Amino acid sequence: MGIITIQGSTPLRGETVIQGAKNSALPILAASLLSGDVCRIEGCPHLSDVDSAADILRYLGCTVVWEDDDLLVDSRTLTRCDIPQSLMRRMRSSVIFLGAILARCGWAELSYPGGCELGPRPIDLHLSALRALGADISDAGGTLRCRAAHLRGCQIVLATPSVGATENAMLAACGAEGDTVICNAAREPEIADLQEFLCAMGAQVRGAGGSVITVSPGRALHGCAHRVIPDRIVTATYLCAAAAAGGDITLRNTEHRQLAAVTTALRQAGCRVDCGADYIRLTRTEPLRAVPPVQTTPYPGFPTDCQAIFMAALLQSRGTTVFVENIFQSRYRHVPELIRMGADIRTEGRVAVVCGVERLHGAEVVATDLRGGAALVTAGLAAEGITTVQGVGHIHRGYEELPAHLRALGAHITEEN
Ligand code: EPZ
């Protein structure tokens with residue numbers, strides 16, 4: 001894995017364009033299997049997780065090719081319905097292919113997706129949703145064997161509004177006879193984007209963005225073209241980078257309403273945030289101040305994916321901020337690395353207490369997960385001296401050319417393999 005080197009404490013200035021959303025592109029790539037045709041996913045981000053999803057599609061027999069920033073998926077020739085461990089392990093969210101393969105083929109075989117750096121990643125809600133639709137699923141020594149000769153529409157009530165389980169249920173329901181109603185569905189914008197893609201393929205899906213999603217069968221599905229929504233977490237990352245380093249940046253190709261919880265917190269910290277139809281501008285000239293407790297919750301609350309990067313922005317703020325990570329069990333692995341840079345953070349279970357310090361200093365740090373890695377880069381931009389970040393392969397999973405975009409905003413940052 002490569003190394004990122006940052007010469008910190010340089011304010012950011014300028015503008016950059018936000019990539020397409022990773023967490024929208026991945027379920028849409030899985031959903032393209034349902035069309036049995038050619039789908040064009042426009043504005044698809046160039047990420048290693050997208051490469052992993054493309055490799056799964058190719059393994060299943062699809063043709064997948066890039067045309068500039070569009071990814072063309074031809075799923076007319078599906079030759080397999082199993083995903084080997086080597087491919088499942090590369091990306092935790094590959095379980096999202098289960099619903100689509102079941103709906104298309106009537107059976108699927110894939111290895112249990114491993115846990116990951118955020119703690120255990122159970123899929124019980126995925127499996128109970130698919131069983132409710134009529135799938136017979138057995139777990140034989142780490143391999144999930146799924147059979148569904150006929151998927152039948154039903155009511156599914158999710159115990160928690162799981163993003164992945166909502167998406168898997170939507171995809172499987174597209175192959176079911178009769179209506180499916182998904183209650184306590186996740187409300188993330190990426191779910192609404194998936195609904196839009198499915199409808200463009202001819203499916204009848206409605207309600208995404210709310211807690212009840214209905215899928216009605218009927219029409220034959222076909223290929224389509226669909227532009228992926230902007231990545232709200234990448235947008236938040238650049239905003240937090242400018243909040244940390246100071247300066248004045250403008251982000252284009254954004255949808256500010258999708259990250260209101262984050263822009264509100266940034267304003268509370270003392271940033272000026274101006275929003276337009278497709279841009280967000282952040283200005284920070286004065287030292288930041290601590291904010292009221294930050295509780296991560298399902299959308300539209302404060303996103304768990306922004307916890308680490310917002311924490312990094314507040315390390316030199318005046319006062320103390322309490323974070324409560326309510327979504328994942330182990331999402332503070334960036335904390336010891338931030339402490340190596342002079343941060344004052346104490347964690348106890350789901351709680352982290354961040355006391356602002358006068359200054360951070362550069363250090364050699366190691367990324368252990370995607371958003372934690374982005375947090376280390378954010379802190380390095382604010383720190384005095386040189387910070388090196390190892391394990392940048394984690395960052396490549398979700399950020400297109402992060403160092404290049406930050407250099408375009410005036411940061412002194414390089415990456416070498
Ligand atoms: C999606 O993961 C995102 N990934 C995550 O982004 C994001 O952090 C998460 O949603 C929450 O918003 C993609 O969309 C590819 P969940 P997902 O199912 O679907 C528990 C990033 O950095 N749970 O909503 O896996 C689970 O353990 C990534 O881009 C069960 O208990 O998240 C967690 O505590 C990280 N049983 C909570 O629900 C299940 O069957 C939320 O998980 C499924 C989930």
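**Close-up views of a predicted model**

**View 1. Strands β7, β8 and β9.** Strand β7 (residues 107–111) pairs with β9 in the antiparallel sense, over five bridges. This view, like those below, is taken from a predicted model. Within the β7–β9 pairing, Leu-144 of β9 is the bridge partner of Leu-110. Strand β8 (residues 136–140) also pairs with β9 in the antiparallel sense, again over five bridges. Here Arg-147 of β9 is the bridge partner of Asp-136. A hairpin is formed by β8 and β9, with two residues between the strands. Gly-141, in the turn of this hairpin, has a positive phi of about 55°.

**View 2. The two faces of strand β9.** In a regular strand, side chains alternate between the two faces of the sheet. Strand β9 (residues 143–147) shows such alternation. Leu-144 and Cys-146 point to one face and are buried. Thr-143, Arg-145 and Arg-147 point to the other face and are not buried. Two of these residues also appear in the bridges of View 1: Leu-144 is the partner of Leu-110, and Arg-147 is the partner of Asp-136.

**View 3. Strand β5 and its partners β3 and β4.** Strand β5 (residues 70–74) is mostly covered, with five of its five residues buried. Both faces of β5 are covered: Asp-70, Leu-72 and Asp-74 are buried on one side, Leu-71 and Val-73 on the other. Strand β3 (residues 38–42) pairs with β5 in the antiparallel sense over four bridges, and the bridge partner of Cys-39 is Val-73 in β5. Strand β4 (residues 63–67) pairs with β5 in the antiparallel sense over five bridges. Glu-67 stands opposite Asp-70 of β5. A hairpin joins β4 and β5, with two residues between them. Asp-68, in the turn, has a positive phi of about 55°.

**View 4. Packing of helices α6 and α7.** The axes of α6 (residues 163–173) and α7 (residues 189–200) come within 11 Å and cross at roughly 15°. Angles under 35 degrees count as roughly parallel, and α6 and α7 are therefore roughly parallel to each other. Their crossing is right-handed. On the α6 side the contact is made by Val-163, Thr-166, Glu-167, Met-170 and Leu-171. On the α7 side, Ile-191, Leu-194, Gln-195 and Leu-198 take part. By class, this contact of α6 with α7 has six nonpolar, two polar and one charged residues.

**View 5. The four-stranded open sheet.** Four strands, in the order β11-β13-β15-β14, form an open sheet with mixed pairing. Its edge strands, β11 (155–157) and β14 (204–206), each pair on one side only. Neighbouring strands of the sheet are turned against each other by 15° on average, direction ignored. Strand β13 (residues 180–183) and strand β15 (residues 212–216) pair in the antiparallel sense over four bridges. Val-181 stands opposite Thr-214 in β15.

**View 6. Surroundings of Gly-175.** Gly-175 lies in the loop between α6 and β12 (176–177). Its relative accessible area is 34%, so Gly-175 is partly exposed. Not counting residues up to four places away in sequence, Gly-175 touches Ala-103 and Leu-151. Gly-175 and Trp-107 are 68 residues apart in sequence, and their C-alpha atoms are 12 Å apart in space.

Note on methods. Residues are numbered from 1 along each chain as its sequence is written. This is a predicted model: local features need pLDDT of at least 70, side-chain atom pairs count only at pLDDT 80 or more; totals for chains, interfaces and linings use all residues. Side-chain values use heavy atoms; hydrogens and water are left out. Axes are lines fitted to C-alpha atoms, for helices over the stretch in contact, and angles run from 0 to 180 degrees between N-to-C directions. Angles under 35 degrees count as roughly parallel, over 145 as roughly antiparallel, 65 to 115 as roughly perpendicular and the rest as oblique. A crossing is left-handed if the near helix is turned anticlockwise from the far one by less than a right angle, and right-handed if clockwise. Contact means heavy atoms within 4.5 Å. Ala, Val, Leu, Ile, Met, Phe, Trp, Tyr, Cys and Pro count as nonpolar, Asp, Glu, Lys and Arg as charged, and the others, Gly among them, as polar. Buried means under 20% relative accessible area, exposed over 50%, partly exposed in between (1.4 Å probe, protein chains only). Two strands pair if DSSP finds at least two bridges between them.
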